[in-house]
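Visitor: Take me in for a close look at just one part, please: the place where the ligand sits. I'd like the overall fold as a backdrop, then the contacts one by one.

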Amino acid sequence: MGIEKTLSIIKPDATKRNITGKINSKLEDSGLEIIGQKRILLTKQRAEEFYFVHRERPFYNSLVNYMISGPVVVQVLMGENAVTQNREIMGATDPKEAKVGTIRKEFAKSIEENSVHGSDSLENAKKEIEFFFTNEEIIEN
Ligand code: CMP
């Protein structure tokens with residue numbers, strides 16, 4: 001526990017629907033602070049690298065193509081227990097299973113087009129933040 005940082009991605013289904021702000025409100029209302037943020041286009045190579053752990057999964061190619069289908073907003077979130085807190089406010093991967101009030105329940109279109117990504121552990125959060133951000137792009141106060 002304690003103050004942690006985690007990586008969040010607002011995915012193409014959400015940026016295309018112009019709901020970045022609505023998602024940010026959910027994150028901020030849950031107590032998380034957005035201390036780094038940028039809107040980018042992933043290349044196929046970068047998307048493949050980011051989701052390398054899923055390379056053997058049947059949804060991998062489709063996932064990579066979806067993640068390069070439009071802009072994404074990559075974010076560093078900070079707060080008490082931020083990794084778990086972000087996963088709670090995101091809700092289950094499959095929006096059909098996500099709890100009321102979560103981002104995915106409210107906004108996700110399907111298990112693939114599920115609007116947001118969040119790091120699943122503190123160790124992965126560190127790696128994923130370094131994948132997208134330099135130290136200068138993260139402003140804590
Ligand atoms: P994310 O939390 O970013 O991690 C892997 C992503 O793969 C997931 O969100 C979804 O966007 C996508 N995905 C597509 N199909 C599945 C599936 N059956 N199970 C898990 N993730 C899936």
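Guide: Helices and strands here are DSSP runs, numbered from the N terminus, with at least four residues for a helix (H or I) and at least two for a strand (E). Read that way, this predicted model runs β-α-α-β-α-α-β-α-α-β-α from the N terminus on, so you're looking at seven helices and four strands. The C-alpha trace spans about 40 × 35 × 25 Å along its principal axes. Its radius of gyration is 14 Å, which agrees with the value near 14 Å for a compact globule, because the chain has 141 residues.

Now for the part you asked about. The ligand has settled into the largest pocket. Walk along the sequence and you meet its neighbours: K11 first, then Y51, H54, F59 and L63, then T93 and R104, and finally I111, E112, N114 and H117. That shell is a mixed crowd, with four nonpolar residues, four polar ones and three charged ones.

Three of these neighbours are worth zooming in on, since each has a polar atom facing a ligand oxygen. Start with Y51, where an N or O atom of the side chain is 2.6 Å from an oxygen atom of the ligand. With E112 it's the backbone you want to look at: a polar atom there is 2.8 Å from a ligand oxygen. R104 goes back to using its side chain, with a polar atom 3.3 Å from an oxygen atom of the ligand. As for cover, the ligand taken alone would expose 450 Å², and the protein buries 80% of that.

Notes
Residues numbered from 1 in each chain as written. Predicted model: local features only at pLDDT ≥ 70, side-chain atom pairs only at ≥ 80, totals over all residues. Heavy atoms only, no water. Near = heavy atom within 4 Å. Polar contact = N/O pair within 3.5 Å; in protein donor to acceptor, adjacent residues only side chain to side chain. Areas by Shrake-Rupley, 256 points an atom, 1.4 Å probe, with all protein chains shown as cover. 1 Å grid on protein atoms, 1.4 Å probe; cavity = no way out; pocket = protein on both sides within 12 Å on 5 of 7 lines; lining within 4 Å. Sits in = over half its atoms within 2 Å of the grid points. Nonpolar A, V, L, I, M, F, W, Y, C, P; charged D, E, K, R; others polar. Rg over C-alpha atoms; globule rule 2.2 N^0.38 Å.
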